[in-house]
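Hi,

Here is the structure I said I would pass on to you. Have a look at it first, then read my notes below with the model open beside you.

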Amino acid sequence: MKRYLPHLGVVIGIAIAVYALFFSDSEEDRIRAKLDQLEDAARVSDANTNIVVRTARVKKEFAEVFDKDVRFEIPELTSDESGRDVLVGLAAQAPRMYQTVSVDLGGLDITVDEAGLTAIAQGPATLTGTRGGQLERDDRTVSLSFDKIEGDWKVVMVSVSAAGQ
């Protein structure tokens, strides 16, 4: 029986290596999951317009996506404020401007540095919303900078192009 232990160890080692190579998530997959989580957190529907409930949900989701000191450049915001709490406040107020909102970040290209510690997701993003019963669409170019913080990807910088560019 003991003769088979080394062979069993080799088989288990190969199985772990195959799993890690073919079935584990890549860094890009992990970042894409964060972008999906951001899309879900930003979504406004008839079911989530209560400002208190929405603020709590957005705060929880944004804590998983954004670094607490995230910086952002959004042309419509003239304030010099930054940080996750400011973004939470802005996102929580979305139902005051729109009846429904969805954000599509699926077209962003993701580039991870060789060390696997920083990444950039950039490309086209689309906000689709209903305001005053009218459907509106806003296409912009966005760039999100990610850092790996305590083993988890967090957005540390957001840059959004001006409308119509």
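Let's start at Asp138, which you'll find in strand E5. Keep in mind throughout that this is a predicted model. Is Asp138 buried, exposed or partly exposed? Its relative accessibility is 26%, so Asp138 counts as partly exposed. If you skip the neighbours within four places in sequence, Asp138 is in contact with Ala125, Thr126 and Leu127. You can also check how the chain comes back on itself here: Asp138 and Ala163 are 25 residues apart in sequence, yet their C-alpha atoms are 7.4 Å apart in space.

Ala163 turns up again when you look at Glu76, a residue in the loop between E1 and H4. Not counting residues up to four places away in sequence, Glu76 touches Arg140 and Ala163. Glu76 has 46% relative accessibility, so this one is partly exposed too. Try finding Val160 from there: Glu76 and Val160 are 84 residues apart along the chain, with 9.6 Å between their C-alpha atoms.

Next, go to Ser161, in the segment after E6. Ser161 has a relative accessible area of 15%, and because buried means under 20%, Ser161 is buried. Apart from neighbours within four places in sequence, Ser161 is in contact with Pro75, Arg140 and Thr141. So Arg140 is a contact of Glu76 and also a contact of Ser161, which makes Arg140 a handy landmark on your screen.

Now for the inside. The largest nonpolar core has 26 residues, and the ones that touch the most other members are Leu35, Phe62, Phe66, Leu144, Phe146, Val155 and Val158. Which elements give two or more residues to this core? They are helix H2 (27-42), helix H3 (51-65), strand E1 (66-73), helix H4 (84-92), strand E4 (118-131), strand E5 (134-149) and strand E6 (152-160). Take Leu35 as an example: leaving out neighbours within four places in sequence, Leu35 is in contact with Leu105, Leu108, Ile110, Ala121, Leu144 and Phe146.

Two other names from that list, Phe62 and Phe66, form an aromatic pair. Their rings are edge-to-face, with 4.9 Å from centre to centre and 65 degrees between the planes. The count for the model comes to 1 aromatic pair. Phe62 counts as buried because its relative accessibility is 5%, and Phe66, at 4%, counts as buried as well.

Phe62 brings us to H3, which has 15 residues. From its first C-alpha to its last, H3 reaches 20 Å, close to the 21 Å expected at 1.5 Å a residue. The buried residues of H3 are Arg54, Val58, Glu61, Phe62 and Val65. Why do they end up on the same side of H3? They cover an arc of only 100 degrees around the axis, and that puts them on the same side. The general idea is that an α-helix has 3.6 residues a turn, so residues three or four places apart point the same way. The buried residues of H3 pack against H2, E1, H4, helix H5 (94-97) and E6. Turn the model round and you'll see Val52 and Val53, which are exposed on the other side of H3.

One last thing to look up: Arg131 lies over the face of Tyr98, at 4.5 Å from the ring centre.

Write back if you get stuck finding any of these.

Cheers

Technical notes. Residues are numbered from 1 along each chain as its sequence is written. This is a predicted model: local features need pLDDT of at least 70, side-chain atom pairs count only at pLDDT 80 or more; totals for chains, interfaces and linings use all residues. Side-chain values use heavy atoms; hydrogens and water are left out. Rings of Phe, Tyr and Trp (its six-membered ring) pair if their centres lie within 6.5 Å; planes under 30 degrees apart count as stacked, over 60 as edge-to-face and the rest as tilted. Buried means under 20% relative accessible area, exposed over 50%, partly exposed in between (1.4 Å probe, protein chains only). A charge sits over a ring if NZ of Lys or CZ of Arg is within 6 Å of the ring centre and within 35 degrees of the ring normal. A nonpolar core is a set of buried Ala, Val, Leu, Ile, Met, Phe, Trp, Tyr and Cys residues joined through side-chain atoms within 4.5 Å. Helices (H or I, at least four residues) and strands (E, at least two) are DSSP runs, numbered from the N terminus. Contact means heavy atoms within 4.5 Å. The expected span of a helix is 1.5 Å times one less than its number of residues. The arc is that of the directions from the helix axis to the C-beta atoms.
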